[in-house]
Structure formats: C-alpha cells, structure tokens
Amino acid sequence: MVYAPAPDDPLLPPVRINLLSDTQTTPSRAMRAAMAEAAVGDEQIGADPTVNRLCERVADLLGKEAAVFMATGTICNIAATLAHCRAGDEILAHESSHIVSLEGCTHAALGGFQIKPLAGARGQFSADTLRAALRPPDRHQAKQTLVSVEQTTNLGGGTVWSKPVLDEVVAVAHAAGLATHMDGARLLNACVASATSPRQLAEGWDSVWIDFSKGLGAPLGAVLAGSRDFIDEVWRWKQRLGGSLRQAGICAAACIFALDHNVHRLAGDHANAALLASRLAAIDGVTVQFPETNLVYFDITGTGLADDAFVAALRSHGILISTLGGRLRACTHLDVTPAMIIETVDIVGEVVRTAQRSRPRAEPRSSVPAQPMVLARTTVV
Ligand SMILES: *Cc1c(COP(=O)(O)O)cnc(C)c1O
C-alpha cells in the first residue's frame, strides 16, 4: 500500500526536497555531538545513565510512573499489546490505524490478538462508536481488552484527537473494564498544534509512547510509558522480543537533545504543511485535506494524472513524495524549508500543466485500469 521511488536511483538527479516522511531527517551536527559525549552503560541491566535519564524525563512529561526505551515505535506497540492482552483477546482501534495496516500483522502473528476496526472520519472514532462496538462477555467471542488510538492519526491525515474526545473514549473504555493505549508516534506534534501539554493529552491512558525518529529528528528511539507494573511487564516482552539493548545511551542522548531543541520547532513544520496545502489546493484538479499538523494528504484525480506517474515526475525533479493509503502524501519535517515548499508547488504546477497539455481530455481515474508500479519500492510510515 506504500509506494515511493528509490531515493538513490543513479539514473535520477539527487533528491533535493525530501517530503517522503518525517523519518527522513538526518541527525544534526549538534545532535551528533551530544551522542558522542553521552555517558553510557548496559541498558539491559538498567545501568545506562543516559537511557535512565531519558526514561525518567519522558515518564514525567507524560505523567506516568515509569518508562522504557525501545529501538522503534513498532516495538512499543507490540510490547504494549503483549503486556495488556492475552492470546484470543480483541483490541479495538481505528480501521486506518498503524497497528491495523502497517505493522505486518504483528499483533495477530506474535500476540494472537484480533483487532476490531472502528470507523470514523480522519482516523478518529467517537466514544459512541466505541460504545456500540463493545459487547458483554460471551465465551463464543473474543474477549475485548484494549482500546488503542493514534495521536496524531497517520492515515487520518495527521489529525489531532482533542482532549475532550480522548477523555470520553477513556471513560467508555475504563467503564467497560478495557485498558487504553495511545500510539503517540506524533503526540508532540499534537501538543504543539493544540497548545496542550503531553501530560494532558496522555491523561487517563494506561500506556503511551512517543517516537523520536519522526519529526523530533533523532536517528532512532521511542519511549513507552505507563504504570510501574505495566512497564515491568513490558520489560519481560522487550527481553522476549530481543529488544533489550546495551550502550544505548548514545541513542538516548539524541532523544534528550530532541526534547531540548526540536519540540517547539514542530510549529514550523505545521506552518510549512499549511503553506504546502494552501498552494496545492490552488492547482486545478488537486484536492487537499487541510493539515492540522505536518502530514499533507492530497488527491490528483482531477488532473487526469495517475499517482505513480505524478510521483515519478516529481522524483525526476529531485522531489520525493509517496502514496499512502490510496492518496498522495507529503510530509514536512526539520530538513524542509519554506523555500522548498514554494519550489515543490511550482514544480507540481508545471507537472500538472504539462500533463494536461499533452492529454487535454484525460479520463477520470475510475475508468483507468490500475497500472502496476514501475518504480522501486520502499516502505514509508
Ligand atoms: C511511524 C509510526 C509507527 C511506528 O514507528 P516506528 O518508529 O517507525 O517503528 C507507529 N504508529 C504510527 C502512527 C506511526 O506513524
């Protein structure tokens, strides 16, 4: 479901503007210096001082008792569901969420869990939708044990779950005896966009994690937080999954640097996304979901161009974007400037006009048979 051209194709000009994902950031010189100077120890036995400092800091930021460092957000999600649920249990999550569609069926493959997909606009479901999906215990059916939300929604368009809606969802879940999990891959984007603290948005959620390898600009790392008992159980799963580390302080130092320097600047990414969206929307045939944060999803059906041809045309100009969930996605991050956005929009306009000149009566996409992708594939999340 995710297609993107290879960034390093030798037959193409180098990539100048990388809007593929906010995972495309590279660590800055200052971040690398912080990593080089990190005090380190053996993380697996709890003896890495920098990892410990990061975990305490994130636990405090999220208002939780404890936290654990992981290599990736995907491991946070699976370690959390494994700690919350038993084989045969059911997790309720939005139908477009990462745990449903972008984790290689991990929760079924490793946990034996079934995920009940919930519907709702822009990657979010309402407390009423959740309530309607709950059922009384019945031995013929999976036991419902966990509700999961994504902050911000990825395929939902980077939308922010508001505090009141989160509170309602938590109340419904807890009243029914279910635990609550927040995939906070871009939680800090949500905080910056809604001027709400991480602690507020995480309040009531039994487990919450944040990703450092997205807009925060670290090369890797995520921290999962919850009650002390929960984190003890997560540590068991971290060990079983092979996720325990050694001198991980080198990586945790990058995450601490990101918390110190790269949170407030997320507002600039959101402004760049808004600029991109408003300029794209002015191009004939382009429909844009106006972004709340740094993910811009858009549709070019009205231009008569196929998505893969459009992605390839931009790549030939040194611009990387992807298709995700049947739409085009451009992502802003700390290596993207407003000038790059303006240049991207100019080139998009040129690509669209060129296509329209050569195909004045292009058929709508619905009547065009699906074309196999001719480009190399990379996975983007
Ligand atoms: C990226 C992402 C993940 C996975 O995080 P990784 O660090 O890439 O493993 C999980 N959930 C959401 C919503 C994401 O965007």
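This tour proceeds from the ligand and its surroundings to helix H12. The model is predicted, so local features need pLDDT of at least 70 and side-chain atom pairs count only at pLDDT 80 or more, while totals for chains, interfaces and linings use all residues. Residues are numbered from 1 along each chain as its sequence is written, and side-chain values use heavy atoms, with hydrogens and water left out.

**The ligand**

Select the ligand and display the residues around it, counting those with a heavy atom within 4 Å. There are 16 of them, and the closest are Gly73, Thr74, Asp183, Asp211 and Lys214. By type, the shell comprises three nonpolar (Ala, Val, Leu, Ile, Met, Phe, Trp, Tyr, Cys and Pro), six charged (Asp, Glu, Lys and Arg) and seven polar residues (the others, Gly among them).

Next, show polar contacts (pairs of N or O atoms within 3.5 Å). Ligand oxygen atoms lie 2.6 Å from a polar side-chain atom of Thr74, 2.7 Å from one of Asp211 and 2.8 Å from a side-chain N or O atom of Lys214. The protein buries 94% of the 380 Å² that the ligand exposes when taken alone (Shrake-Rupley method, 1.4 Å probe).

Now colour helix H3 (73-84) and strand S8 (207-211), the elements that give two or more residues to this shell. Helices (H or I, at least four residues) and strands (E, at least two) are DSSP runs, numbered from the N terminus. H3 supplies the largest share, three residues.

**Helix H12**

Finally, select residues 266-281, the 16 residues of H12. From first C-alpha to last, H12 reaches 23 Å, close to the 22 Å expected at 1.5 Å a residue (times one less than the number of residues). Its buried residues (under 20% relative accessible area, 1.4 Å probe, protein chains only) are Leu266, Asp269, His270, Asn272, Ala273, Leu276, Ala277 and Leu280. They lie on the same side of H12 because they cover an arc of only 160° around the axis (directions from the axis to the C-beta atoms).

Note on methods:
A polar contact is a pair of N or O atoms within 3.5 Å; within protein, one must be able to donate a hydrogen and the other to accept it, and residues adjacent in sequence count only if both atoms are side-chain atoms. Buried means under 20% relative accessible area, exposed over 50%, partly exposed in between (1.4 Å probe, protein chains only).
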